[in-house]
Amino acid sequence: MKMTMPEQNTAEATTQTAAAAKPKISAHGVSVFYGDKKAIDDVSIDVHTRYVTAFIGPSGCGKSTFLRSLNRMNDTIASARVEGEILLDGEDIYRSRMDVVQLRARVGMVFQKPNPFPKSIYENIAYGPRIHGLASSKAEMDRIVEESLQRAGLWEEVKDRLADSGTALSGGQQQRLCIARAIAVDPEVILMDEPCSALDPIATARIEELIDELRGRYAIVIVTHSMQQAARVSQRTAFFHMGKMVEYGKTSDIFTNPREERTKDYITGRYG
Ligand SMILES: Nc1ncnc2c1ncn2[C@@H]1O[C@H](COP(=O)(O)OP(=O)(O)OP(=O)(O)O)[C@@H](O)[C@H]1O
Ligand SMILES: [Mg+2]
């Protein structure tokens, strides 16, 4: 016999199921240093597939630093050092034999400023699948390119100009191209660091719709300065302050009934 969920909303039912599942990413006691300055202090969090998890908090509190630690992007910063443990499907991503290129395909990233390669639209998408050997023929690659652009909601706008440069697209289109590029290598997690902050409200709305569609298959983590955006797109929210994760929970609880005074101050606009 099937139990009825107390919350009937389908989206919430989906997240309830996801909550019962194993976390996609599990961070334990993570601290991140730049030289001897501690930017992230002892953060533990579980991130689940089919959730959008929002990271919020005032500028400089460490959101980007922590986000980058989830796919070892901090490795590219010479002074950065990560302590603690970050598990992807139970596997430590900082262990020495982890293939970082493979890791970044599994945990893709979309940045604040759209950063398409100075190559054709087609090549922007095909590049990743090619280096990862995901297509065995031209037809197969064409299919991956089309499907990725379809899923990023860009196909109709670019299908007749695939040979044009990716940098010739509008800002909003470039950001969808970057999302299509992340999707093309069949990731499990997509990290987004303020993906809409350079976009107008219409382009932002499109990306938000896209994020909501994508969460059906991925774990998505988004850093945002917009409370409205966090409330619209996420199911879980983590509030960071001065390098610590102060509070983490259901987005609706964080915004309507935060446990911590500092969270309340932030969401009511008292600082930040
Ligand atoms: N490459 C770096 N080298 C040294 N210190 C850094 C570096 N990047 C960030 N920091 C420092 O780490 C702290 C956290 O920065 P981070 O960029 O993670 O904050 P943030 O929450 O993403 O801020 P914002 O909302 O402004 O993007 C800050 O004090 C910042 O100055
Ligand atoms: Mg940042």
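Here are some short exercises on a predicted model, each with a worked solution.

**Exercise 1. Find out how the overall size of the protein chain fits its number of residues.**

Start with the expectation: for 272 residues, a compact globule would have a radius of gyration near 19 Å. Next, look at the chain itself, which has 19 Å, so the two agree. For a second view, take the box along the principal axes: the C-alpha atoms fill roughly 55 × 45 × 45 Å. Then turn to the inside, where buried residues make up 41% of the 272. Finally, consider the contacts with a separation of 6 or more: 68% of them come from residues 24 or more positions apart.

**Exercise 2. Decide which part of the model has pLDDT under 50.**

Begin with the whole protein chain: the average pLDDT is 92, and 92% of the residues score at least 70. Now go to residues 1-9, where pLDDT stays under 50. For this stretch the model has 4 contacts beyond four places in sequence.

**Exercise 3. Work out the strand order of the open sheet that contains β1.**

The protein chain has 11 helices and 10 strands, so keep the strand labels at hand as you go. Four strands build this open sheet, in the order β2-β1-β4-β5, and their pairing is antiparallel. At the edges are β2 (37-47) and β5 (91-92), each of which pairs on one side only. Inside the order, β1 (residues 25-34) and β4 (residues 80-88) are joined by 8 bridges. To see one of the pairs, pick Ile25, whose bridge partner in β4 is Leu88.

**Exercise 4. Describe the surroundings and the partners of strand β9.**

First check the cover: in β9 (residues 236-241), 6 of 6 residues are buried. Then sort the residues by direction. Arg236, Ala238 and Phe240 point one way, while Thr237, Phe239 and His241 point the other way, and all are buried. Now look for partners. Strand β3 (residues 52-56) pairs with β9 in the parallel sense over 4 bridges, and Phe55 has Ala238 as its bridge partner there. Strand β10 (residues 244-250) pairs with β9 in the antiparallel sense over 6 bridges, with Phe240 opposite Met245. The hairpin of β9 and β10 has 2 residues between the strands, and in this hairpin Met242 takes a positive phi near 45°.

**Exercise 5. Compare the settings of Asp42 and Asp89.**

Begin with a general point: most residues other than glycine have a negative phi. Asp42, however, has a positive phi near 55°, and Asp89 has one near 50°. Next, place them: Asp42 is in strand β2, whereas Asp89 lies in the loop between β4 and β5. Last, count neighbours. Asp42 has 14 C-beta neighbours inside 10 Å and therefore counts as partly exposed. Asp89 has 12 and therefore counts as exposed.

**Exercise 6. Name the residues around ligand 1 and sort them by type.**

Walk along the sequence to collect the shell: Tyr34, Ala39, Gly57, Ser59, Gly60, Cys61, Gly62, Lys63, Ser64, Thr65, Ile77 and Ser79. Then ask which element gives the most: helix α2 (residues 63-69), with 3 residues. Sorting the shell by type gives 4 nonpolar, 7 polar and 1 charged.

Terms used:
Residues numbered from 1 in each chain as written. Chains lettered and ligands numbered in written order. Predicted model: local features only at pLDDT ≥ 70, side-chain atom pairs only at ≥ 80, totals over all residues. Pairing = 2+ DSSP bridges. Rg over C-alpha atoms; globule rule 2.2 N^0.38 Å. Buried ≥ 20, exposed ≤ 12 C-beta atoms within 10 Å, placed from the backbone. Contact = placed C-beta atoms within 7 Å. pLDDT = per-residue confidence, 0-100. Near = placed C-beta within 6 Å. Nonpolar A, V, L, I, M, F, W, Y, C, P; charged D, E, K, R; others polar.
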